[in-house]
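Open the model in a viewer and show side chains as sticks. The stops below are meant to be selected in order.

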Amino acid sequence: MPSGRIAGPLQNHVSQRPLSISDAASHCDGGPGRRDQVPLVDAEPSFINVDPLRIRQVIVNLVTNAREATSGTSEGDEILVRGRRQDEGYRIEVLDRGAGIPEEARERLFEPFFTTRRDGTGLGLAVCYGLVTAHGGTIRAEPRPGGGSQFVIDLPGVLIEEARESQVRA
């Protein structure tokens with residue numbers, strides 16, 4: 001698929017709306033009956049061509065994985081979701097202070113059915129990969145400086161300031 005192009009069924013859901021990282025993170029409340037480990041959010045708003053529900057699902061999946069990676073650790077509540085304009089795109093990062101991901105596992109992390117967890121299906125990160133790449137973006141896992149993991153998503157196509165202003169006026 002060409003970079004920066006959205007194909008297939010996603011094309012019908014793409015909009016030039018603000019990508020709200022805070023809204024996406026608000027859906028990461030720990031699940032029914034759990035309000036622990038709500039991620040900290042540090043994100044600048046930006047208009048970008050995405051299906052906001054699909055990108056929200058990616059963020060929810062990554063925060064859920066971070067929550068599982070940090071459960072039982074002394075720094076288990078330190079999950080951070082960041083968002084910044086980057087060059088001509090937008091970067092989203094989900095950071096945790098879990099045990100980290102071994103290098104050999106990082107190479108296969110986004111393959112369907114690959115998992116490092118005993119009870120994992122190996123589908124969550126494969127779905128994230130599919131949704132991000134369908135938007136013309138990239139996703140990768142890296143060690144977090146100081147311990148833990150960080151997932152980095154780069155999405156293309158932040159709209160320029162004039163387009164954003166005309167969208168607000170409309």
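This tour of a predicted model goes from a helix to salt bridges and then to a surface patch.

**Helix α2.** Select residues 52–70, the 19 residues of helix α2. From first C-alpha to last the helix reaches 27 Å, close to the 27 Å expected at 1.5 Å a residue. Add Asp 51, which caps the N-terminal end: one of its side-chain oxygens lies 3.1 Å from the backbone nitrogen of Leu 53. Then colour the buried residues of α2, among them Ile 55, Val 58, Asn 61 and Arg 67.

**Glu 78.** Nine salt bridges are found in the whole structure. Select Glu 78 and Arg 97, whose side chains meet in one, at 3.2 Å from N to O. Arg 97 is in the loop between β5 and α3, Glu 78 in the loop between α2 and β4, 19 residues apart. Now add Arg 144, which also forms a salt bridge with Glu 78, with the closest N and O atoms 3.3 Å apart. Arg 144 lies in the loop between β6 and β7, so this pair ties together parts 66 residues apart in sequence. Is Arg 144 buried or exposed? Arg 144 counts as buried because its relative accessibility is 12%, while Glu 78, at 26%, is partly exposed.

**Strands β6 and β7.** Select Arg 140 in strand β6 and Asp 154 in strand β7. Their salt bridge has its closest N and O atoms 3.3 Å apart. Asp 154 is buried at 18% relative accessibility; Arg 140 is partly exposed at 30%. Extend the selection to Arg 91 and Glu 142 to see the network of salt bridges that links these four residues.

**Surface patch.** Finish with Phe 113, Leu 123 and Val 127, a nonpolar surface patch with about 290 Å² of accessible area together. Val 127 is found in helix α4 and is partly exposed, at 41% relative accessibility.

Notes. Residues numbered from 1 in each chain as written. Predicted model: local features only at pLDDT ≥ 70, side-chain atom pairs only at ≥ 80, totals over all residues. Heavy atoms only, no water. Patch = residues over 30% accessible without salt bridge, like charges linked within 9 Å, V, L, I, M, F, W, Y side chains within 5 Å. Areas by Shrake-Rupley, 256 points an atom, 1.4 Å probe, with all protein chains shown as cover. Helix = DSSP H or I, 4+ residues; strand = E, 2+ residues; numbered from the N terminus. Buried < 20%, exposed > 50% of the residue type's maximum accessible area, 1.4 Å probe, protein only. Expected span 1.5 Å × (residues − 1). Polar contact = N/O pair within 3.5 Å; in protein donor to acceptor, adjacent residues only side chain to side chain.
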